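Trainee: Got a minute to go through this one with me?
Mentor: Sure, put it up.
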Amino acid sequence: MSDEQRAGLKLAYTNEAAKVRQGSGIDGGPPDNGGMEARVVKLEEFAQDTRDRLTRIETRLDQTATKADLSEAMNGLVKWVVGTAVGLGVAGITVMTFVLNNATPRAATSPNPPPVIINVPPPAVAASPTAAPQPAPAK
């Protein structure tokens, strides 16, 4: 590359850099490329729309059940089902007992049966072992 070509490229680069700086606020001026105002209006509308959507999402999340809520509800439901099953079982056994005890007539029994008296004879008097008979004296 010749020196003239290098100088031309350097000048072109410098002009492009100046254009970029002029529109970006680097040189101290406000950034403006002609359509900035319309873009800012669109961004503000988008921000408002996003804020509204976020509010709706947060409201919906406040009404949504969490894992803890579901677990608590499930535990309560299990307690009610088990309690109801136990109550129905006890009530069924009570009804069956009442029906079986009162459904068939009972045989008539006397209020008090006569007492049974057992007579045991007194023990026989046994001879005491110390008073053993003595042999008769020899004559």
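Mentor: One term before we start. A patch here joins residues with over 30% relative accessible area and no salt bridge; like charges are joined within 9 Å, nonpolar side chains (Val, Leu, Ile, Met, Phe, Trp, Tyr) within 5 Å. A salt bridge is a side-chain nitrogen of Lys or Arg within 4 Å of a carboxyl oxygen of Asp or Glu.
Trainee: Which residues form the nonpolar patch on the surface?
Mentor: Met74, Leu77, Val78, Val81, Val82, Val86 and Val90, with about 650 Å² of accessible area together (Shrake-Rupley method, 1.4 Å probe, only the protein chains shown as cover). Leu77 sits in helix α3.
Trainee: Why would residues three or four places apart point the same way?
Mentor: Because an α-helix has 3.6 residues a turn.
Trainee: How many buried residues does α3 have?
Mentor: Zero among its 36 residues. Buried means under 20% relative accessible area (1.4 Å probe, protein chains only).
Trainee: What can I trust?
Mentor: This is a predicted model: local features need pLDDT of at least 70, side-chain atom pairs 80 or more, while totals for chains, interfaces and linings use all residues. Numbering runs from 1 along each chain, and side-chain values use heavy atoms, without hydrogens or water. pLDDT is the predictor's confidence in each residue, from 0 to 100. Helix α1 has the lowest mean among the elements, 61, and α3 the highest, 95. The chain averages 80.

Note on methods
Buried < 20%, exposed > 50% of the residue type's maximum accessible area, 1.4 Å probe, protein only. Helix = DSSP H or I, 4+ residues; strand = E, 2+ residues; numbered from the N terminus.
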